[in-house]
Amino acid sequence: MYRRCGLASRVKELVKVLSTSPNAAPLEADEQGVLDVGSALKQYIRDHQSMIPEGEQQQWLQAAVISEERSRFKEYRRLLRQLPADNRATLNVLFGHLYM
């Protein structure tokens, strides 16, 4: 789904509507609609690279190199709790989506 692009005009409109009033977003269930939504998600992520504030990025990079998985995840959870609520909520939804 993420390898193919949506229609640029529909993706632009979808990103705009999702940013202002998500419940009013015109989501289509056909194949093109799915591609449009996938492209809108990619665009949103590109535009919001600050989901992890610049001052905290080094801590995330240090956590990523912790070799022991349990310790690494413990550090990730600690860092997640420090994020602003909006950033944490956005990452929570994104992680849940990618997990599925």
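**Aromatic pairs and helices in a predicted model**

The structure holds two aromatic pairs, and I would like to begin there, bearing in mind throughout that what we have on the screen is a predicted model.

Tryptophan 60 and tyrosine 76 make up a stacked pair, with 5.7 Å from centre to centre and 20 degrees between the planes. Tryptophan 60 belongs to helix α3 while tyrosine 76 belongs to helix α4, so this pair ties together parts that are 16 residues apart in sequence. As for how far these two are covered, tryptophan 60 has a relative accessibility of 13% and therefore counts as buried, whereas tyrosine 76, at 21%, counts as partly exposed.

Phenylalanine 73 and tyrosine 76 form an aromatic pair that is tilted, at 6.2 Å centre to centre and with 40 degrees between the planes. Because phenylalanine 73 and tyrosine 76 are three residues apart in helix α4, about one helical turn separates them. Phenylalanine 73 has a relative accessibility of 36%, so it counts as partly exposed. Taken together, the ring pairs link Trp60, Phe73 and Tyr76 into a cluster. There is also a charged neighbour to point out, since arginine 72 lies over the face of phenylalanine 73, at 5.6 Å from the ring centre.

Let me now turn to helix α4 itself, which runs over residues 69-82. At 1.5 Å a residue, its 14 residues should span 20 Å, and the end C-alpha atoms are indeed 20 Å apart, which agrees. Which residues of α4 are buried? They are Arg72, Glu75 and Leu79. When one looks down the axis of α4, these buried residues fall within an arc of 65 degrees, so they line one face of the helix. On the other side of α4, Arg70, Lys74 and Arg81 are exposed. Among the elements that cover the buried residues of α4 is α3, residues 57-64.

The N-terminal end of α4 is capped by glutamate 68, one of whose side-chain oxygens lies 3.2 Å from the backbone nitrogen of arginine 70. Further along, glutamate 75, a residue of helix α4, is in contact with Ala63 and Ile66, if we leave aside its neighbours within four places in sequence. Glutamate 75 and tyrosine 44, for their part, are 31 residues apart in sequence and 26 Å apart in space, C-alpha to C-alpha.

I will finish with helices α1 and α2. The 13 residues of helix α1, residues 8-20, should span 18 Å at 1.5 Å a residue, and the end C-alpha atoms are 19 Å apart, which agrees. Val11, Leu14, Val15 and Val17 are the buried residues of α1, and what covers them includes α2, residues 31-47.

Where does aspartate 36 lie? Aspartate 36 is in helix α2, and with a relative accessibility of 3% it counts as buried, the cut-off for that class being under 20%. Its side chain reaches the backbone nitrogen of leucine 7 at 2.9 Å. Not counting residues up to four places away in sequence, aspartate 36 touches Gly6, Leu7, Arg10, Val11 and Leu14. Two of these names, Val11 and Leu14, are ones we have just met among the buried residues of α1.

Note on methods. Residues are numbered from 1 along each chain as its sequence is written. This is a predicted model: local features need pLDDT of at least 70, side-chain atom pairs count only at pLDDT 80 or more; totals for chains, interfaces and linings use all residues. Side-chain values use heavy atoms; hydrogens and water are left out. Helices (H or I, at least four residues) and strands (E, at least two) are DSSP runs, numbered from the N terminus. The expected span of a helix is 1.5 Å times one less than its number of residues. Buried means under 20% relative accessible area, exposed over 50%, partly exposed in between (1.4 Å probe, protein chains only). The arc is that of the directions from the helix axis to the C-beta atoms. Contact means heavy atoms within 4.5 Å. A polar contact is a pair of N or O atoms within 3.5 Å; within protein, one must be able to donate a hydrogen and the other to accept it, and residues adjacent in sequence count only if both atoms are side-chain atoms. Rings of Phe, Tyr and Trp (its six-membered ring) pair if their centres lie within 6.5 Å; planes under 30 degrees apart count as stacked, over 60 as edge-to-face and the rest as tilted. A charge sits over a ring if NZ of Lys or CZ of Arg is within 6 Å of the ring centre and within 35 degrees of the ring normal.
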